[in-house]
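Hi everyone, thanks for coming along. Let me put today's structure up on the screen, and then we can walk through it together.

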Amino acid sequence: MAISIGKLVLVFIFLILSVEMPSCLAKEYVVGDKRGWSPGVDYHPWAYGKSFRVGDVLHFFYTPKVIDVASVDISSYALCDSTIKTFYKDNSGQTSITLEKSGPYYFISTNKEGCFTGLKLELHVL
């Protein structure tokens with residue numbers, strides 16, 4: 001049974017579109033909305049109800065060199081201790097992070113006092 005060239009072209013176009021579509025649908029989020037990444041903000045309600053997906057981008061805005069943001073593992077998140085496992089850290093005041101894979105993500109301030117006063121975020125990417 002032969003497959004026509006037209007059908008092969010359609011299948012090829014469908015495959016390309018299915019690979020490229022997620023990046024077209026990516027959303028951008030400002031963490032904490034107007035309050036940004038700052039102490040005293042509860043980020044659980046901010047993240048609740050959002051459907052984070054691979055390709056989405058998180059924008060953290062904060063006071064540079066005073067506050068920072070670090071992507072960490074679950075132990076670092078739970079203990080507010082960035083010395084356990086930190087994947088990425090920035091203190092520029094404007095940090096953008098693309099969610100590159102599905103699963104949990106954990107962010108904290110490496111300043112323990114900042115972390116304990118709310119500078120921590122857990123989210124799950126579909």
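Let's begin with one residue: is Ser109 buried or exposed? Keep in mind while you look that this is a predicted model. Ser109 is buried, because its relative accessible area is 2%, and the cut-off for buried is under 20%.

So where does Ser109 sit? You'll find Ser109 in the loop that runs between strand 6, residues 103-108, and helix 4, residues 112-116. Setting aside neighbours within four places in sequence, Ser109 has contacts with Trp37, Asp68, Gly114, Cys115 and Leu119. There is also Pro39, 70 residues away along the chain, whose C-alpha atom is separated from that of Ser109 by 9.3 Å. And have a look at the side chain: one of the polar atoms of Ser109 lies 3.3 Å from the backbone nitrogen of Asn111.

Now, on to the sheet. This one is an open sheet of 3 strands in the order 1-2-5, and the pairing is mixed. At the edges we have strand 1, residues 28-30, and strand 5, residues 94-98, each pairing on one side only. On average, neighbouring strands here are turned by 20° against each other, ignoring direction.

Let's see what makes the pairing mixed. Strand 1 and strand 2 are parallel, with 3 bridges, and across that pairing Tyr29 stands opposite Leu58 in strand 2. On the other side, strand 2, residues 57-61, runs antiparallel to strand 5, and 5 bridges join them. Two pairs to find on screen: His59 opposite Ser96 in strand 5, and Phe61 opposite Gln94, also in strand 5.

How many residues of strand 2 are buried? The count is 4 of 5, so strand 2 is mostly covered.

That brings us to the nonpolar cores. The largest has 21 residues, and those touching the most other members are Trp37, Phe52, Leu58, Phe60, Phe107, Leu121 and Leu123. Helix 2 (43-47), strand 2, strand 6 and strand 7 (120-125) each contribute at least two residues to this core. You may recognise Trp37 in that list; Trp37 was also among the contacts of Ser109.

Leu58 is a nice one to zoom in on. Beyond residues up to four places away in sequence, Leu58 touches a whole list of residues, including Tyr29, Val31, Trp46, Phe52, Ser96, Phe107 and Leu123. Finally, there is a second, separate core of 7 residues, among them Ala70, Val72, Tyr77 and Cys80.

That's my tour, thanks for listening!

Note on methods: Residues numbered from 1 in each chain as written. Predicted model: local features only at pLDDT ≥ 70, side-chain atom pairs only at ≥ 80, totals over all residues. Heavy atoms only, no water. Pairing = 2+ DSSP bridges. Axes fitted to C-alpha atoms, helices over the stretch in contact; angles between N-to-C directions. Buried < 20%, exposed > 50% of the residue type's maximum accessible area, 1.4 Å probe, protein only. Contact = heavy atoms within 4.5 Å. Polar contact = N/O pair within 3.5 Å; in protein donor to acceptor, adjacent residues only side chain to side chain. Core = buried A, V, L, I, M, F, W, Y, C linked by side-chain atoms within 4.5 Å.
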